[in-house]
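These are my notebook entries on a structure that I looked up. I set down each point in the order in which I followed it.

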Amino acid sequence: MLVFAKREVGRPVSVQRIVNALASGTPVLIESEHPEFRDFVANFNYTCDFDSKNALQKLLQKSKQRSLRQGCVSQAVLIVQEYSPLNIVMKYVAMFDQVGNATSNNSSDFN
């Protein structure tokens, strides 16, 4: 599966399309030319990406190798876990804990 960045001017770029594709369980090749997609790929060290037509052609040739396809799927499983409902809830809980701690620390300054 190929995931290209949208080329519409003025539209925000979301990595949600990438995460949805990665959750499919199939090898996903991601165009990393757009800054948001490039950051996403770099953040997770995802190696099944391309940034030019030439790089895409090379990656498509390599994708004939079973080991590359399996590697793409294995990496995808780890990435998708970061976006699971449980992990998202846990991140919110941690954020609210930090806000609560900061608020209680600051309120002691007024006593």
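**Entry 1: terms.** Before reading any residue, I fixed the terms: buried means under 20% relative accessible area, exposed means over 50%, and partly exposed lies in between. I also noted that the model is predicted.

**Entry 2: Phe44 and Phe40.** I began with Phe44, which has a relative accessible area of 21% and is therefore partly exposed. I then looked up Phe40, which counts as buried because its relative accessibility is 5%. Phe40 and Phe44 are 4 residues apart in helix H2, so about one helical turn separates them.

**Entry 3: the aromatic rings.** I asked how many aromatic pairs the count comes to. The count comes to 5 aromatic pairs. In one of them, the ring centres of Phe40 and Phe44 are 5.0 Å apart and the planes stand at 55°, so I recorded the pair as tilted.

I returned to Phe44, partly exposed at 21%. Phe44 also forms an aromatic pair with Tyr83, with 6.2 Å from centre to centre and 55° between the planes, and this pair is tilted. Phe44 belongs to helix H2 and Tyr83 to the loop between H4 and H5, so the pair ties together parts that are 39 residues apart in sequence. I noted that ring pairs link Phe40, Phe44 and Tyr83 into a cluster.

**Entry 4: Tyr83.** Is Tyr83 buried or partly exposed? Its relative accessible area is 33%, so Tyr83 is partly exposed. Leaving aside neighbours within four places in sequence, I found Tyr83 in contact with Val15, Val19, Phe40, Phe44 and Ile88. I also compared Tyr83 with Gln16: they are 67 residues apart in sequence, and their C-alpha atoms are 9.6 Å apart in space.

**Entry 5: the two sides of helix H2.** I next asked which residues of helix H2, residues 35-44, are buried. They are Phe37, Phe40 and Val41. These residues lie on the same side of H2, because they cover an arc of only 95° around the axis. On the face turned away from the buried side, I found the exposed residues Asp39, Ala42 and Asn43.

I then looked for what covers the buried residues of H2. The cover includes three strands, E1 (2-3), E2 (29-31) and E3 (49-50), and two helices, H1 (16-22) and H4 (66-82).

**Entry 6: Asn45.** Just after H2, I came to Asn45, which is placed in the loop between H2 and E3. Asn45 has a positive phi of about 55°, although it is not a glycine. At 61% relative accessibility, Asn45 counts as exposed.

**Entry 7: Ser32.** I looked at the loop between E2 and H2, where Ser32 lies. Ser32 has a relative accessible area of 5% and is therefore buried. I asked which residues Ser32 touches, not counting those up to four places away in sequence. They are Phe37, Arg38, Val41, Asp49, Phe50 and Asp51. Of these, I had already met Phe37 and Val41 among the buried residues of H2.

**Entry 8: Gln81.** I found Gln81 in helix H4. Its relative accessibility is 43%, so Gln81 counts as partly exposed. Gln81 and Ala23 are 58 residues apart in sequence, while the distance from C-alpha to C-alpha is 9.1 Å.

**Entry 9: the salt bridge.** I asked how many salt bridges the count comes to. The count comes to 1 salt bridge. Glu82 forms it with Lys91, and the closest N and O atoms are 3.5 Å apart. Glu82 is partly exposed, with a relative accessible area of 34%. Lys91 is partly exposed as well, with a relative accessible area of 48%.

**Entry 10: a nonpolar patch.** Lastly, I looked up a nonpolar surface patch of about 580 Å². Tyr83, Ile88, Tyr92, Met95, Phe96 and Val99 make this patch. I checked Met95, which lies in helix H5, residues 85-107. Met95 has a relative accessibility of 36% and so counts as partly exposed. Tyr83 therefore appears in my notes twice over: this residue belongs to the patch, and at 33% relative accessible area Tyr83 is partly exposed.

Terms used: Residues numbered from 1 in each chain as written. Predicted model: local features only at pLDDT ≥ 70, side-chain atom pairs only at ≥ 80, totals over all residues. Heavy atoms only, no water. Patch = residues over 30% accessible without salt bridge, like charges linked within 9 Å, V, L, I, M, F, W, Y side chains within 5 Å. Areas by Shrake-Rupley, 256 points an atom, 1.4 Å probe, with all protein chains shown as cover. Salt bridge = Lys/Arg side-chain N within 4 Å of Asp/Glu carboxyl O. Buried < 20%, exposed > 50% of the residue type's maximum accessible area, 1.4 Å probe, protein only. Arc of directions from axis to C-beta. Contact = heavy atoms within 4.5 Å. Phe/Tyr/Trp six-rings, centres within 6.5 Å; stacked < 30°, edge-to-face > 60°.
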